[in-house]
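Biologist: I would like to learn how to read a protein model step by step, beginning with the way strands are paired. Could you give me the general idea each time, and then the case in hand?

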Amino acid sequence: MKYLFKNISHLATFGPQKEITNAFVAVEENVITYVGKEAPEGEFDRTVDCSNMIMLPGFVNTHHHLYQSLTRNVRKVQNSKLFDWLVNLYEIWKNLDEEASYVSAAVAAAEMALSGVTTTSDMLYLYPEGKNSIFDEEIKGVSHVGLRFHPTRGAMSMSKKDGGLPPDSVVQTEDEILSEYERVISKYHDRSKYAMTRVALAPCSPFSVTEKLMIETREMAEEKDVLLHTHLSETKDEDEFCVEKFGLRPVDYMDKLGWLNPRVWFAHLVQLKDEEIEKLKKHDVGVAHCPSSNMRLGSGIAPITKMKGMRISLGVDGSASNDTGNMILEARNAMLLQRVKYGADALTPREALEFATLGGAKVLRMDDYIGSIEVGKAADLIMFDMNKLEFAGGLDDPVGAILMCDAKKVDFNMINGKIIVEDGKLLVEDIEKLIERQNEISNRLLRG
Ligand code: ZN
């Protein structure tokens with residue numbers, strides 16, 4: 001298919017061409033072939049008039065736990081902080097199975113597509129009774145919706161009996177985890193340009209993984225040349241845990257394990273001292289900032305304003321600590337939360353939108369083909385209709401209006417040249433059935 005998007009009212013490329021009004025973008029198959037002010041030559045299969053539209057590159061979400069969409073808003077943990085929240089939810093999550101993984105991944109992916117996500121990561125770290133195939137099922141669930149996917153094979157190896165937080169039934173042995181890492185990399189990791197699936201490795205956190213597994217995971221990531229991800233410096237409880245168990249604060253502990261390097265991105269990074277920020281900057285680690293989750297669990301405000309210059313991205317985090325998967329809202333919350341701590345000019349709407357687009361692509365090391373609207377990049381495009389109620393009276397700066405006026409959802413979403421959302425409607429097969437099944441499974445998990 002050859003598409004021509006004509007008369008785009010406002011185009012924010014997040015590439016070298018910056019912003020263009022009354023712009024044209026052409027797409028052939030899955031690749032952008034033209035971006036500019038003049039109409040391009042040639043024949044097109046479909047021409048889309050975009051005279052009321054704002055176009056951006058699709059959003060890149062760098063931290064999620066898709067299965068948690070089954071346990072949003074669990075009343076028992078509505079008002080709990082991280083460690084209590086986890087201890088209670090592990091008891092529900094330990095009954096997760098293959099179907100639950102597939103359905104929750106599809107539902108969470110559909111929700112993200114409506115909020116403009118074209119690429120997402122995920123961290124699936126819990127394999128009850130050794131159900132390794134739930135990883136395969138989440139890939140199938142996301143591919144049913146059509147998002148570009150960079151899942152991480154998560155892991156937990158340190159249960160209560162070894163001084164960790166999770167119960168025995170959801171952790172695995174180091175040998176099993178290492179062999180699963182190898183299996184999923186060889187089965188799913190696609191190194192080619194425009195890849196729809198890549199895999200990274202992600203031992204869950206310092207309080208659920210042994211030191212040995214952290215090191216062995218890093219060594220395998222180097223050997224297989226894949227990325228590394230984990231949660232870090234999320235709460236004060238984690239600081240205390242690390243000092244007590246390892247004699248080091250989280251960032252220094254990661255340094256000791258060889259985990260401060262450009263292959264790594266960390267979720268959260270809330271409880272940081274200034275010298276730790278400098279250390280992270282020096283080693284070029286990536287950041288997945290999750291402001292909604294940090295607010296929801298009362299974890300604190302990440303010092304993102306002080307971290308500018310690093311590779312910074314946004315993550316909606318799991319739906320049990322958000323409890324939505326809306327990237328527009330995540331970017332808006334990032335902008336607002338920095339202002340609470342650092343003042344009104346701490347983060348502009350464009351900076352927050354850059355975290356959500358090019359920033360995410362850089363963190364996932366996919367910026368050679370996603371994250372901006374440029375010739376040769378993948379056709380991952382989103383649009384907002386400026387005639388919507390929420391924009392009325394707010395169009396002095398249409399691009400800024402997406403966050404300042406809270407756009408809520410996209411009207412158009414194209415991923416790798418395929419339209420997933422059009423006229424504000426999700427074009428995903430069986431979505432009603434999936435929602436119904438999601439509620440049945442959620443009910444079963446909660447009632448035990
Ligand atoms: Zn998380």
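Modeller: Two strands are said to pair if DSSP finds at least two bridges between them. Please keep in mind throughout that this is a predicted model. With that rule, strand β12 (residues 286–289) and strand β13 (residues 311–314) count as a pair, because 4 bridges join them and a pair needs at least two. The two strands run parallel, and within β13 the bridge partner of A288 is S313.

Biologist: Which residue of β11 has A288 of β12 as its bridge partner?

Modeller: That residue is A267. Strand β11 (residues 264–268) is joined to β12 by 3 bridges, and these two strands run parallel as well. Between them the chain passes through helix α8 (residues 274–282), and the β-α-β crossover made in this way is right-handed.

Biologist: How should I think about the two faces of a strand?

Modeller: In a regular strand the side chains alternate between the two faces of the sheet. In β12, G286 and A288 point one way while V287 and H289 point the other way, and all of them are buried. Strand β8 (148–155) can be read in the same manner: R148, H150, T152 and G154 lie on one side, F149, P151, R153 and A155 lie on the other, and all are buried. Since 8 of the 8 residues of β8 are buried, this strand is largely enclosed by the rest of the structure.

Biologist: Which strands pair with β8, and in what sense?

Modeller: On one hand, β7 and β8 pair in the parallel sense over 6 bridges, and M123 has T152 of β8 as its bridge partner. The chain goes from β7 through α3 to β8 in a right-handed β-α-β crossover. On the other hand, 4 bridges join β8 to strand β9 (residues 200–203), again with the strands parallel, and here G154 stands opposite A202. A right-handed β-α-β unit is also made by β8, α4 and β9.

Biologist: You mentioned α3; how can I check the length of a helix, and is this one mostly covered or mostly open?

Modeller: A helix is expected to rise by 1.5 Å a residue, so the 12 residues of α3 (residues 134–145) should span 16 Å, and the 17 Å between its end C-alpha atoms agrees with this. The helix is mostly covered, with 9 of its 12 residues buried; among them are I134, F135, I139 and V142. The elements that cover these buried residues include α2 (98–114), β7 (117–124), β8 (148–155), α4 (174–188) and β16 (418–422). Just after the helix, G146 takes a positive phi of about 105°.

Biologist: What should I look for when charged residues are involved?

Modeller: Side chains of opposite charge can pair when their charged atoms come close. The structure holds 36 salt bridges, and one of them is formed by the side chains of R148 and D380, at 2.9 Å from N to O. This pair links distant parts of the chain, R148 being in strand β8 and D380 in the loop between α11 (349–363) and β14 (381–385), 232 residues apart. Both of these residues are buried.

Biologist: Where do E440 and R437 lie, and how many residues apart are they?

Modeller: An α-helix has 3.6 residues a turn, so residues three or four places apart point the same way. Both E440 and R437 lie in helix α13 (residues 431–447), 3 residues apart, which is about one turn of the helix. Their side chains meet in a salt bridge of 2.6 Å, N to O. E440 is partly exposed, with a relative accessible area of 39%, and R437 is also partly exposed, at 30%. Salt bridges can also form a network, as they do among D136, E180, R183 and K187.

Biologist: Finally, how do I read the chain as a whole?

Modeller: One may compare its radius of gyration with that of a compact globule: for 448 residues the globule would have a value near 22 Å, and the 21 Å of this chain agrees. Buried residues make up 62% of the chain, and its secondary structure comes to 13 helices and 17 strands.

How values were computed:
Residues numbered from 1 in each chain as written. Predicted model: local features only at pLDDT ≥ 70, side-chain atom pairs only at ≥ 80, totals over all residues. Heavy atoms only, no water. Expected span 1.5 Å × (residues − 1). Buried < 20%, exposed > 50% of the residue type's maximum accessible area, 1.4 Å probe, protein only. Contact = heavy atoms within 4.5 Å. Right-handed = clockwise from strand over helix to strand, strands pointing away. Salt bridge = Lys/Arg side-chain N within 4 Å of Asp/Glu carboxyl O. Rg over C-alpha atoms; globule rule 2.2 N^0.38 Å.
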